[in-house]
Every structure is written in structure tokens, then in C-alpha cells.
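This report introduces selected features of one protein model to a reader who has not met it before. Please consult the sequence and the structure while reading.

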Amino acid sequence: MIPADEKLLGERAAWLESLGAERRLSGNTLDAYERDTRQFLQFLSAHVGGTVKIDDIKALRPADLRGFLAQRRKEGAGARSLGRHLAGLRSFLRHLERKGLVNAAGASAIRSPKQPKSLPKPLSGRQALAVVAIDTQMHDEPWLAARDAAVLSLLYGCGLRISEALGLTPNAFQGRPTSLRITGKGGKMRLVPLLPVVTEAVETYYKLCPYHLEADAPLFRGARGGPLQPAIIQREMQKLRSALGLPDSATPHALRHSFATHLLGSGGDLRTIQELLGHASLSTTQIYTGVDSARLLDIYDRAHPRA
């Protein structure tokens, strides 16, 4: 139960619906914003001593928002989570402000927590190739091993997010295309080159899969025939980490990082890599220059006689 009155809860529901329908935020982001605002209303309920109303939101001061963020920090939330909390609350307050219900200026006066600069941790080329090979998959069932190899090949060979790979249908591979049309975050479309080795991995899975795969239905299936869930691939990657002696940072998403880092290290330009990854901003892609520089410095330290 959320300790808020019907009017406030109705506005919150309308806000969340607009984020999905108009701004086309991902399901994970919507879930996070729902959870963040629920936690804030619970905090505010304890603060005002009862059910939260629109008038309580209207009376919010920057100190109240800082108090919520301070509580979440005590509960273990990191800088990234706190930044997302504040972004979600600002968005909700702006929604209420557009309705003429509150003034959102107080939220804008709060500075977002400084985010730590952490570099992605890509796999080496040898490690990535081992991960995507069908022979290294941990399933005894050949079709399941081929399925995992195909999904992981799409992450490393095309730089896809796991949700993008699992959203593909057989239609996407009709006629042996040389590129894939991917719908990424925010409904943004992009074309990604499709390597022959990735196509072969998908075709091997397609031939071995025991289920009928309709042209416009999900291509990748679970053991019982339903749509394959990301958690299954994440679990299989965990088994591969153990079997291959890889670090904990070797996750399915690390294959996407590896795709970008290896392209950059081979002479790819940032703008092209940005387009292939579907990043809205070049600044997001620029983090990979730090990865490549770190790799070069490591080689220098290990190899240069004066290092």
C-alpha cells in the first residue's frame, strides 16, 4: 500500500503511463521510477504523519528532498541510484506542475549527486571468442547450447543489449541479411552490420530448435518453449565465468562493452561506434576511449624497458 490519497495516486499513475507511451522509456526505467516514487511517498508519509496529499507535495522544500536522499544513502543506495531517484522525482514534480498543482522549482535547486567515473570492463578478444563458441556452452542439449551461443554472438558480434537480442524474430533473418534493424532505448532505430559468423550461429540454433518458430514471434525460446528470459542467459554466463576462469565483470553486457572496445582499438571512430551502439549522446560512447587508453598504458607499463 502506498500512503497517498486517490488524487495523488491517480496523477502518479498518469505520469508513469505518459513516460511509457510518450517518452517510450524502457520497462526497467519505468519500474525504477515507480519504485523510487513509492519509496519517496512512504518517506513523506512518515514526515507528515499520515496520508500524503497534493498539498503536502506543494509544500515540499529542498530540505525535504535532501532528507529523502540522505535516508536512501544510509540504506545503502549509491550515487547512481540517488541520481536516478532525483531524476524520477523531478520528472514527477514537473508533471504535477504542468497540471498547475505544484511548483517544481525546489527539486531543480538540488544538485544531482556526483557520479563515480567507472570504466566498462570488457573481455579480451580471446575470452570473448571462448564465451560465444558453441563448444564451450554448458548445456548437454545441443539446441540449448546453440541457443546460448547464438544470443552471446549477437551481443559480442553486433553490440546488442540483451533485451534487443531477445526481442528479435525469425523475420529479422529472412533472406540472410547483411544487417539488422534494431529498436533500442526510447524506440530509437539503428542498423547494425550482421557478420556471417553471427548469422551461422543463429541458423544453427534455428535448425536445432525443437519448437515451431513463427516468423513474427520471439526467435529465442526457453527450455519449455516460452520466450527466453534475460535471467537465463545471465545464469548461463555465470556458469561460463566459472568454467573459463573469467572475472565477475564478465557478464552478458560486458560482451557489448567488448564489441565497442575492440572496434575502437582496431581503428573504429567514436561517431560510428555511437551509432552502432544506439547511444543518444556521444559523451556516453566516449567512456570507451578511457578503456582503450587504460589498455595501452597497461601494455606500456608491462613492456617498456623504462616503465
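How do the residues of the lining of the second largest pocket divide into nonpolar, polar and charged? The model examined here is predicted, and the answer opens the section that follows.

## The second largest pocket

The lining of the second largest pocket consists of 11 nonpolar residues, three polar residues and one charged residue. The space in this pocket comes to about 250 Å³.

In all, 15 residues line the second largest pocket, and those nearest its centre are Val132, Ala133, Ser153, Val197 and Ala201. Three helices each contribute at least two residues to the lining: α7 (125-132), α8 (142-158) and α10 (196-208).

## Packing of α8 with α11

Two packed helices are described by the angle between their axes and the distance between the axes. Helix α8, which supplies part of the pocket lining, also packs with helix α11 (residues 230-244) at an angle of about 95°, and the two axes lie 11 Å apart. Angles from 65 to 115 degrees count as roughly perpendicular, and α8 and α11 are therefore roughly perpendicular to each other.

On the α8 side, the contact is formed by Arg147, Asp148, Val151 and Leu152, while α11 provides Ile232, Ile233, Glu236, Met237 and Leu240. Sorted by class, this contact of α8 with α11 holds six nonpolar residues and three charged residues, with no polar residues.

## Packing of α2 with α5

A second helix pair is formed by α2 (residues 27-48) and α5 (residues 79-98), whose axes come within 9 Å and cross at roughly 85°. By the angle between them, α2 and α5 are therefore also roughly perpendicular to each other.

Helix α2 makes this contact through Ala32, Tyr33, Arg35, Asp36, Thr37, Gln39 and Phe40, and α5 through Arg84, His85, Ala87, Gly88, Leu89 and Phe92. The contact of α2 with α5 comprises six nonpolar, four polar and three charged residues.

## Salt bridges

The count for the model is 12 salt bridges. One salt bridge joins the side chains of Glu34 and Arg38, with an N to O distance of 2.9 Å.

Why are Glu34 and Arg38 separated by about one helical turn? The reason is their spacing in helix α2, because the two residues are four residues apart there.

Terms used: Residues numbered from 1 in each chain as written. Predicted model: local features only at pLDDT ≥ 70, side-chain atom pairs only at ≥ 80, totals over all residues. Heavy atoms only, no water. 1 Å grid on protein atoms, 1.4 Å probe; cavity = no way out; pocket = protein on both sides within 12 Å on 5 of 7 lines; lining within 4 Å. Points joined across faces, edges and corners; volume = space filled by probe spheres on them. Nonpolar A, V, L, I, M, F, W, Y, C, P; charged D, E, K, R; others polar. Axes fitted to C-alpha atoms, helices over the stretch in contact; angles between N-to-C directions. Parallel < 35°, antiparallel > 145°, perpendicular 65-115°, else oblique. Contact = heavy atoms within 4.5 Å. Salt bridge = Lys/Arg side-chain N within 4 Å of Asp/Glu carboxyl O.
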